[in-house]
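Work through the exercises below with the sequence and the model at hand. Try each task before reading its solution.

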Amino acid sequence: MGPPQALSGLALLLLLVASSASVLDDTCKSFGANHKDIGYDYCVKFFQADKASAIAADKRGLAVIAAKIARATAKSTDKRISALKASVKDKKVRSGLDDCDELYSQAVDELDAAAKGVAAGTPQGSQDAVTNLSAAADAPLTCETGFQELGVKSPLAAEDSEFTKEVAVALDVTTSL
């Protein structure tokens, strides 16, 4: 490859990177406008968890990445729940953790299905993804409500709050397809 071809290849690469950055920036600006309580900066930070988001060609790619990031958080939260269950003696707290364990296990499956639905690239796949993301979004609220009903402090408040925001990003990007 001669110098002119190398330069045109580099120019194409720079154009692709700039275009991808624009997709991410535009997506997060839209998210921030729709979710002022969470905001643009959170959206950008959220996507930084996966380097592929910087080179995603379109919103569909970002939606798949968002579902995968949220899935990883659900899986991590589920592991934390297992660790807490092994050490907690209070029966009410343990009961709440049992319920949250089931909710987060289901959320992992729902987020897997959401990523596959978006990746399918069909209207039905996108609809299925929104349904699965909406179901996953219920996990943290239901988890927190369970602890409130038991009259005990939730040991998962921080995790539930973070997961709520992550699924909000994934759901917003997916519904915009």
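**Exercise 1. Place Glu 102 and decide whether it is buried or exposed.**

Solution. Start with the element: Glu 102 sits in helix α4. Helices here are DSSP runs of H or I with at least four residues, strands are E runs of at least two, and both are numbered from the N terminus. Next, take the accessibility. Glu 102 has 51% relative accessibility, so it counts as exposed. The cut-offs are under 20% relative accessible area for buried, over 50% for exposed and partly exposed in between, with a 1.4 Å probe and protein chains only. Last, look across to Ala 139. Glu 102 and Ala 139 are 37 residues apart in sequence, and their C-alpha atoms are 9.1 Å apart in space.

The model is predicted: local features need pLDDT of at least 70, side-chain atom pairs count only at pLDDT 80 or more, and totals for chains, interfaces and linings use all residues. Residues are numbered from 1 along each chain as its sequence is written, and side-chain values use heavy atoms, with hydrogens and water left out.

**Exercise 2. How many helices and strands does the protein have?**

Solution. Count the elements: there are six helices and zero strands. From the N terminus on, the order is α-α-α-α-α-α. Then turn to burial: of the 177 residues, 41% are buried.

**Exercise 3. Describe how α3 packs on α6.**

Solution. Two packed helices are described by the angle between their axes and the distance between the axes. Take the numbers first. The axes of α3 (residues 59-87) and α6 (residues 157-175) come within 8 Å and cross at roughly 160°. Each axis is a line fitted to C-alpha atoms over the stretch in contact, and angles run from 0 to 180 degrees between N-to-C directions. Now name the arrangement: α3 and α6 are therefore roughly antiparallel. The classes are under 35 degrees for roughly parallel, over 145 for roughly antiparallel, 65 to 115 for roughly perpendicular and the rest oblique.

Then list the contact, meaning heavy atoms within 4.5 Å. On the α3 side, the residues include Lys 59, Leu 62, Ala 63 and Thr 73. Among those on the α6 side are Phe 163, Val 173 and Thr 174. By class, this contact of α3 with α6 holds eleven nonpolar, three polar and four charged residues. Ala, Val, Leu, Ile, Met, Phe, Trp, Tyr, Cys and Pro count as nonpolar, Asp, Glu, Lys and Arg as charged, and the others, Gly among them, as polar.

**Exercise 4. What does Ala 63 touch, not counting residues up to four places away in sequence?**

Solution. Begin with its place, helix α3. Ala 63 is buried, at a relative accessible area of 1%. Its partners are Val 118, Val 173, Thr 174 and Leu 177. Take Thr 174: it lies 111 residues from Ala 63 in sequence, yet the C-alpha atoms are 5.3 Å apart.

**Exercise 5. Which residues does Thr 27 touch, with residues up to four places away not counted?**

Solution. Thr 27 belongs to helix α1. Its relative accessible area is 3%, so Thr 27 is buried. It touches Lys 59, Leu 62 and Val 173. Two of these names, Lys 59 and Leu 62, also appear on the α3 side of the contact with α6.

**Exercise 6. How do α4 and α6 pack?**

Solution. The angle is about 20°, and the axes are 12 Å apart. That makes α4 roughly parallel to α6. From α4 come Tyr 104, Ala 107, Leu 111 and Val 118; from α6 come Glu 159, Asp 160, Phe 163 and Thr 174.
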